[in-house]
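Biologist: I am new to this structure and would love a close look at one part of it. Could you walk me through the side of chain B that touches chain A, and then show me how the rest of chain B is laid out?

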Amino acid sequence: MAKRALHGVTCEIIENEVLALIGPSGCGKSTFLRCLNRMNDTIDICRVEGRITLDGQDIHHRDLDVVQLRARVGMVFQKPNPFPKSIYDNIAYGPRIHGLCSGTDEMDSVVHRSLERAGLWTEVKDRLKEPGTGLSGGQQQRLCIARAIAVSPEVILMDEPCSALDPIATAHIEELIDELRENFTIVIVTHNMQQAARVSQKTAFFHLGNLVEHNLTGELFTNPKDERTQGYITGRYG
Amino acid sequence: MSAGVLLALVLLIALSGYFVGRARSLKVAGGAIADLHSLPSYYGLYIALWVGVPCVFLVLIWLFLEPIIVEALVLTNIPGYDAMTGAERQLSLATIRNLAAGIGRSDTVAPDMLVAAERYTGLLSASAWMLFAAGMALAAGTLAVTYRHIAPRMRARNRVERIIRFLLVLCSIIAILTTVGIVLSLLFESLRFFARVPPTEFLFGLQWSPQTALRADQAGSSGAFGMIPLFAGTMLIGAIAMLVAVPIGLTAAIYLSDYAPPAVRATVKPIMEILAGIPTVVYGFFAILTVAPVVRDLGLLLGVDASANSALAAGVVMGIMIVPFVSSLSDDVINAVPQAMREGSYGLGATKSETIRLVILPAALPGIVGAVLLAVSRAIGETMIVVMAAGLGANLTVNPFQAVTTVTVQIATLLVGDQEFDSPKTLSVFALGLVLFTVTLCLNIVALRVVRKYREKYE
């Protein structure tokens, strides 16, 4: 019997802001994130109720193609998962399947731009033909971010993007998130509250499938309204 | 006393040695296992292995040497041995063996032979007793020595592991030596064949008709040993089989791994694997009774020269036979591609088919090539279907509606029944086997290189 993971979550995500989702393991924050680009569709037994809108458009509407939705709402996963292809082909994968580029020159410039924005260009510009799986963990994750950027999405969902990385690589990614905010809306799941405080403007605290508190990051961390939030951020449980 | 009884006894001693060793180790440790270097069972195993393994080797070596020594002893004592030719010696040895077994005793048998036969029986039973005594002495000796070795600081685990590693190495050496032996025997018998038929004629000849006249006055063909028609037939049928098996098998694997609901997959996969369990003979008569007539009618309909037996019928049925190999192995390989790859692709807005074509299949390619290769070697080595459905005539043709024959079919037909092993007709079998072996070996090497070059590694 399948279990209900989320209960009546209502949450607004503002353009060009970073929203951090925090909460103890199993509280439903990843499930919520995966609802936003209908990634849960790939799980056979999963059922989603309610309404999620992107620019006022219901993402579960019959007229909306899930493939187009995912091109607008990109995703970066917990574990870096570059394709077993060259660095170049990893980036070019999205633009190719969506027919975004008409020629090699255009594709070259998209790859260049994406890698540059992900802060990876100087490190890999001489080895674009080498496999993406040969990079270090932090580089792989930035490659995955570059891959998501290359499709020019509006929203980027990040599911604990730094949990497999060391502090230096984490700092890289956090800087990157801050820069990307200019052009993208970002939702990030994290277990690291310092990280949430550093990178986000808004923070949402989930507990047992409920959205307990959703507020400006500074406000939520310094002056939590709910005692469960208070308990979690002071480390009493979770 | 037979070697079997000895082995059973040694096994028993080894087993009791295990318990004795365990008990002994506990006793020398004063009951405290923590004082022992290894767990008590390792001390037991140490004794058991030292008792069992050398005895097994003793028996094997003894059984290998016994006939050689006994026969030499018996033969050299026969009067006139020095004057005998090799064949005569073999003959007298056979007579002696028969007499010893109680066959062919009569008044006409030379008394020398009877004496020799008795001597033969005596030597054999003496040898058996000696083996028994030696085996028991060895077992008892190793038991006593190893028993006295047991002490708390004795590193029984390390020693046991060393013995086990020795046994592992030995087993792999046996596997390698067997292969080497088979290849060498193929090679030497082929050399005997090539002494009669020049290699150039065999490798490049376009005629294959191995029937030769047995006597000078007999009518018969002179024999032609050009392997090209057989090789071409093998390739033709193999190619047809792969054309059938790879598309069907691969698409089935893709459906099973990425599209089919779990319930469908759970039922369809075992059913496909049943297909792999059907005996090839059954496929063979399915090919000749059902498929061949259809193929012939089709050929006639198309206006091609079609015969009752055809490469197409055999190839198609063989293709069906290897579908489960391709599909089952490819399915496993495709499933082994991490789910993270699929999610990464979906997350970029790729459809299912784009994900499979552009991410999953390239990542699974090495395994798929491996599966196809296994199928190819099955196809090349398959005999039964081809014997039944493709015919025996060695035609050099690329018309799939014509009867062709393959290397394996010729090997089978040449060796059916009683054959003398000094005519080129039978010896050609070894040369054909050698060619077949070389071809599959080359295929494997090429495929390995292809796989290594194009493999896309995933973590």
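Modeller: Happy to help; what follows starts at the contact and then moves out into chain B. Please keep in mind that this is a predicted model.

Let's begin with the contact itself. Chain A contributes 24 residues to it, and chain B contributes 19. On the chain B side, two elements give two or more residues each: α11, residues 339-347, and α12, residues 352-381. The largest share comes from α11(B), with six residues. If you sort the chain B side by class, you find ten nonpolar residues, five charged ones and four polar ones.

Now zoom in on one residue, G344(B), which sits in helix α11 of chain B. Is G344(B) buried or exposed? G344(B) has 26 other C-beta atoms within 10 Å, and a residue counts as buried when that number is 20 or more, so G344(B) is buried. Leaving aside residues up to four places away in sequence, G344(B) touches F77(A), N81(A) and F83(A). For a sense of scale, try finding A308(B): this residue is 36 residues from G344(B) in sequence, and their C-alpha atoms are 54 Å apart in space.

That distance is a good reason to step back and view the whole chain. Chain B contains 15 helices and two strands. Its radius of gyration is 31 Å, whereas the globule rule gives 23 Å for 459 residues, so chain B is more spread out than a compact globule. The C-alpha trace of chain B spans about 80 × 80 × 35 Å along its principal axes. Of the 459 residues in the chain, 35% count as buried. Among contacts in chain B with a separation of 6 or more, 74% are between residues 24 or more positions apart.

One more helix of chain B deserves a visit: α9, which covers residues 280-302. Follow it along and you will meet a kink of about 40° at V291(B), shortly before the proline P293(B). V291(B) is itself one of the buried residues of α9(B), and others include Y283(B), G284(B), A287(B) and I288(B). Past the kink, A292(B), V295(B) and G299(B) are buried too. The elements covering these buried residues include α10 (311-336) and α13 (384-389) of chain B. Just after α9(B) comes G303(B), where phi is positive, at about 80°.

Conventions
Residues are numbered from 1 along each chain as its sequence is written. Chains are lettered from A and ligands numbered from 1 in the order in which they are written. This is a predicted model: local features need pLDDT of at least 70, side-chain atom pairs count only at pLDDT 80 or more; totals for chains, interfaces and linings use all residues. Two residues are in contact if their C-beta atoms, placed from the backbone, lie within 7 Å. Helices (H or I, at least four residues) and strands (E, at least two) are DSSP runs, numbered from the N terminus. Ala, Val, Leu, Ile, Met, Phe, Trp, Tyr, Cys and Pro count as nonpolar, Asp, Glu, Lys and Arg as charged, and the others, Gly among them, as polar. A residue is buried if 20 or more other C-beta atoms lie within 10 Å of its own, exposed if 12 or fewer, and partly exposed in between; C-beta atoms are placed from the backbone. The radius of gyration is taken over C-alpha atoms; the globule rule is 2.2 Å times the number of residues to the power 0.38. The bend at a residue is the angle between axes fitted to the seven residues ending there and the seven starting there.
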